Amino acid sequence: RGQWRGLIEEYRAFLPVSENTPVVTLHEGNTPLIPAPAIAQQIGRGVKVYVKYDGLNPTGSFKDRGMTMAISKAKEAGAQAVICASTGNTSAAAAAYARRAGLKAFVVIPDGYVALGKLAQALVYGAEVIAIEGNFDDCLNAVRTMAQEYPVTLVNSVNPYRLEGQKTGAFEVVDALGDSPDWLCIPVGNAGNITAYWMGFCEYHQAGHCQKLPKMMGFQAAGAAPIIQGHPITDPKTIATAIRIGNPASWDKAIAAQEASQGAFNAVTDEEILEAYRLLASQEGVFCEPASAASVAGLLKVKDQVPSEATVVCVLTGNGLKDPDCAIQNCNNPIKSGVAPNVSAIAQAMGF
Ligand code: F0G
């Protein structure tokens, strides 16, 4: 069979595009659904666990799914420039797809709280990066107004085309499993992705591609958990900077998804996130960024509630390479440095 053509071509029938839409693609999507036996073993009772490794998208996160749609539609509408607020991944994806389409990209980020790899991406793809003295919520408020007052198209997930693209993650999960999983565990920041996944499962169900619908299990970082606390957080704090968000834009839609699916929201601490992060890399061989590990940390936290023999999918939203500082600072096996350049010294350092 031919090569994967990117998610707009592959799922065209489910997306608001026409023959007039210029398809701006980096052949995103088609990411692997990987069995996670070490996590499954911690739960036991015949539970099957998979990770949807969306960190393997072209810019290293699930944002590419939304951005192929948002930028294609912006190009179709004749836009010259796009703007977004971002904790990093949206800015990387916006920059890449905008530049590929020949559009200018402006990204507004919280100064000092964007992981190094993401910052490098936005710069090298050629975006105008504006770092403000504020958090993500301040950035989003600003760009929403900017898009009304200046000739720039907003490509945050409040742009409905973003969610349309991101819902294809659910299609791929169903295509791989032959049905929906029993649980879908997902990190929640601005609450766009949980909304999009639920849309995807519902639309695929309606079209007869799956028999059941999953429980949507959303996980926030404990220091940035407005949905669990029930009110906005003015000073969100977490090591998982991607989800360091105090007032999610799609809050209501995320609650609707959780209620309709009889799922739940829970908070996980930074320590639980880091434990899951190390477990995924060192036992499963899957390196994701800290925010992504919140889905696995959450699953392990509520593992006693998983029905026996259930199938669970955890969405790993971003690649571990995005945040090398976090990796180096939080692993338990430090570098053995200062070793002499000869076999006996190296063997000694190896413990032989
Ligand atoms: N995981 C990662 C790696 C993210 O970058 C984000 C959001 C989320 C999870 C949460 O998804 O916002 O749809 O609930 N990142 C945004 C950004 C905010 O600017 O890159 P959500």
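This is a short dialogue on reading the surroundings of a ligand in a predicted model.

Visitor: Where does the ligand sit in this structure?

Guide: Start with the empty spaces of the protein. Here, the ligand sits in the largest cavity.

Visitor: Which residues come nearest to the ligand?

Guide: A residue counts as near if one of its heavy atoms lies within 4 Å. In this model 21 residues are around the ligand, and Ser86, Asn190, Ala191, Asn193 and Thr317 come nearest. By class, this shell has 11 polar, 8 nonpolar and 2 charged residues.

Visitor: Which helices supply residues of the shell?

Guide: Try finding α4 (89-101), α9 (192-206) and α13 (290-301); each of them gives at least two residues to the shell.

Visitor: What polar contacts can I look for around the ligand?

Guide: Look for pairs of N or O atoms within 3.5 Å. A ligand nitrogen lies 2.6 Å from an N or O atom in the side chain of Thr317. Backbone atoms take part too: a ligand oxygen is 2.8 Å from a polar backbone atom of Thr90, and an oxygen of the ligand is 3.1 Å from one of Gly192.

Visitor: How much of the ligand's accessible area does the protein cover?

Guide: On its own the ligand has 470 Å² of accessible area, and the protein covers 99% of that.

Methods: Residues numbered from 1 in each chain as written. Predicted model: local features only at pLDDT ≥ 70, side-chain atom pairs only at ≥ 80, totals over all residues. Heavy atoms only, no water. Polar contact = N/O pair within 3.5 Å; in protein donor to acceptor, adjacent residues only side chain to side chain. Areas by Shrake-Rupley, 256 points an atom, 1.4 Å probe, with all protein chains shown as cover. 1 Å grid on protein atoms, 1.4 Å probe; cavity = no way out; pocket = protein on both sides within 12 Å on 5 of 7 lines; lining within 4 Å. Sits in = over half its atoms within 2 Å of the grid points. Helix = DSSP H or I, 4+ residues; strand = E, 2+ residues; numbered from the N terminus. Nonpolar A, V, L, I, M, F, W, Y, C, P; charged D, E, K, R; others polar.
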